[in-house]
Amino acid sequence: MNIHALLLVLVTLVWGTTFPLLKSAAQHISGLEISAARFWVAALCMTPFAFRLKWAAWRDGALLGGMALISYISQAVGLQYISSNRSAFLTSLNVLFVPFMAWLLGGKLTLKVVLASALACFGIGLMSWDGGSNWLGDGSTLIAALSYAAYVLMLSRMIKNHQPRSLAATQIIMMAIIGTIILPFEGSAQLISLPERLMPVLLIILFLGAIATAGMLFLQAIGQQHVSATKTALIFSLEPVFAAVFSWLWLGEQLSLRAALGGGIVVIAVVLSEW
């Protein structure tokens, strides 16, 4: 596994911590408020890299930012109704969505990719399928998976024309702008009380914004310069494994023998894809 693939593994590890953190933050502020707040922090971190950029970088950043924002908000909303483990499983279905969407767009669909993707999803199902279905939570999280699959494909194509830090900066700033525009839909009473409700989760928001969003989107852009979209999706299937471990450590959610077996199968699927 090359250095760029290892960068994507690091991104996956950090994102695995966000599931229990989002679950904790959702007890105080809504999914939309979490998303807007983390993007404000991320935008502040990336603003120095956004000066004197060409129109093409802002255009592509807006497209990527809008698609990523749909995924982030949908995932955060879903976590208000379902467990972290279930959210991780449903989100991970993008590992199947990416190769088939790429195929529909004219890409190649190899047997190895299909088998590795299916094996990864099977492992994730063993690991984190715990029942507790909720139509709103499940539906919102599936939208997150679909939109993120589209984001991965778009990034693989667009990153060839931009510097990673430029594209990361523009998409994050656009996400913050769009998030701010739609935030008033929460209602004026909610916005007035937001600063007070934000204080108990301020450290979580700072981590989500500076590290999990700004830092990891920058590293993802670097990694995807040299790793295909389908392999990126397979590497990202490790996210539920990390999410399950951190949810067990921080939230006390169950981590059974079946979950451990499923996690092992996911790791095998990723290794096979790199064989």
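## Cysteines and disulfides

C121 is buried in this predicted model, with a relative accessible area of 9%. That value falls under the 20% cut-off, which is why C121 counts as buried. C45 offers another case to look at: its relative accessible area is 34%, and because this lies between 20% and 50%, C45 is classed as partly exposed.

What about bonds between cysteines? A disulfide is a covalent bond between the sulfur atoms of two cysteines. When the whole structure is searched, zero disulfides turn up.

## The largest pocket

If you would like a place to start exploring, try the largest pocket, which holds about 330 Å³ of space. Its lining is made up of 16 residues, and those nearest the centre are A102, L153, S156, S228 and A229.

Two helices are worth tracing here, since α7 (135-158) and α11 (229-236) are the elements that give two or more residues to the lining of the largest pocket. Of the elements, α7 gives the most, with three residues. Sorted by class, the lining has seven polar residues, six nonpolar ones and three charged ones.

## Confidence in the model

How far does the predictor trust its own chain? The mean pLDDT of the protein chain is 84, and 93% of the residues in the chain reach 70 or more.

Confidence varies along the chain, and two helices mark the ends of the range. Helix α10 (residues 202-223) has the highest confidence, at a mean of 93, while helix α4 (residues 84-91) has the lowest, at a mean of 75.

Technical notes: Residues numbered from 1 in each chain as written. Predicted model: local features only at pLDDT ≥ 70, side-chain atom pairs only at ≥ 80, totals over all residues. Heavy atoms only, no water. 1 Å grid on protein atoms, 1.4 Å probe; cavity = no way out; pocket = protein on both sides within 12 Å on 5 of 7 lines; lining within 4 Å. Points joined across faces, edges and corners; volume = space filled by probe spheres on them. Helix = DSSP H or I, 4+ residues; strand = E, 2+ residues; numbered from the N terminus. Nonpolar A, V, L, I, M, F, W, Y, C, P; charged D, E, K, R; others polar. pLDDT = per-residue confidence, 0-100. Disulfide = S-S within 2.5 Å. Buried < 20%, exposed > 50% of the residue type's maximum accessible area, 1.4 Å probe, protein only.
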